[in-house]
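Thanks, everyone; I would like to walk through one model this morning, going from its overall layout to the ligand site and then to the core.

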Amino acid sequence: MREKLEKIKSEAMAALSAAAASDKLEALRVKYLGKKGEVTAILKQMGGLSPEERPIIGQLANQVRTEIEAAVAAKASELEKKLMEEKLRLEAVDVTIPGTPVCRGHRHPMTIVLDEVKDIFIGMGFTIAEGPEVELSVYDFDKLNIPVGHTVRDRRDTFYITEDEAVHLRCQTSPVQVRVMEVQKPPIRIISPGRVYRKDEVDATHSPMFHQFEGLVVDKGVTLGDLKGTLNTLVKKLYGPETKTRFRPHHFPFTEPSCEMDVQCFVCGGEGCRVCKGEGWIELLGCGMVHPKVLAGCGIDPDVYSGFAFGVGLERVTMRRFGIDDLRLIYENDMRFLQQF
Ligand code: DAH
């Protein structure tokens, strides 16, 4: 029996030290120490021993049981510790790892300039008006004194939506003038930014879609002096207080008199260079005093009221503002370009 106990002990110790999980450990505990376990079985056989052997084997059996119990307990706490370490390792958050950087966007250069333009005009008491991009020819042409047969109404220039040419993609923001004057009586002071469309080939200065902002002021006693003062304020705020302008006579069907406004070249200061093509001046916008026919057509008496209007290409203003030399860059959304603003 002694040998048997020694064998049980050494087997149990080996098995316990190899146990790698708590369910295995529990199975071993039952195998050796449980009610039907191997050590228990020995203890049950004690009755059959001689009175001399009984205390010796009894002591040995108890000792083996105690040692196996201790080994089970030791293994249990070892496994628990391991489990905890593993759990901590898995759940650990390394606060020193850098986070995913948040990419902050910013406004497109066109939006930056448009916001500035809006601020400048709002500061002078203007409000912002909007009109549709799919426009009636009545508003974009007829009521602006552009008769049927005029070159700008040509199918080669305008994107017509309907066969009868009654609807098209507006080729200027000027129809918003008419829409505003039809519903609002003077005093009127609005600017109207938005997209316009013309059948132009794409190149460094042209695109079939581009942006304009229209301006309109109608009140009693409005003069060409008011027009010049307003537009000079705009360019001085946009390009700096030293900026010089000049007004050249021009023709637009919806204004009389009409002019174009140039700004002195911001590169050469008027000397003449590549940017201004040796002129010293750069054309910026069209403007004029609202034609009496246009006022009357919108129900405003031209004998009582007068007004001025202007139309500006937003791309052109933006390109001048930031020194951008190719219009296509504005639309391509290349991050290497956009990140510079
Ligand atoms: N609509 C004209 C264009 O697209 C620009 C323009 C000129 C607008 C004179 C006006 C104006 O309001 O008075 O070329």
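What distance separates the centres of domain 1 and domain 2, taken over C-alpha atoms? The answer is 97 Å, with domain 1 spanning 2-90 and domain 2 spanning 109-338, bounds that come from an automatic or database domain assignment. Please keep in mind that this is a predicted model, in which local features need pLDDT of at least 70 and side-chain atom pairs count only at pLDDT 80 or more, while totals for chains, interfaces and linings use all residues. Residues are numbered from 1 along each chain as its sequence is written, and side-chain values use heavy atoms, with hydrogens and water left out.

Turning to the ligand, 15 residues surround it (a heavy atom within 4 Å), and the closest are Gln172, Gln177, Arg198, Gln212 and Glu214. As for polar contacts (N or O pairs within 3.5 Å), a polar side-chain atom of Gln177 lies 2.9 Å from a ligand oxygen, a polar side-chain atom of Gln212 also lies 2.9 Å from a ligand oxygen, and a backbone N or O atom of Ala309 lies 3.2 Å from one. The protein covers 89% of the 360 Å² of accessible area (Shrake-Rupley, 1.4 Å probe) that the ligand has on its own.

Finally, the largest nonpolar core (buried nonpolar residues, under 20% relative accessible area, joined through side-chain atoms within 4.5 Å) has 38 residues, of which Phe121, Phe213, Leu231, Leu285 and Phe310 touch the most other members. Its largest share, 6 residues, comes from helix H5 (a DSSP run of at least four residues).

Conventions: Polar contact = N/O pair within 3.5 Å; in protein donor to acceptor, adjacent residues only side chain to side chain. Buried < 20%, exposed > 50% of the residue type's maximum accessible area, 1.4 Å probe, protein only. Helix = DSSP H or I, 4+ residues; strand = E, 2+ residues; numbered from the N terminus.
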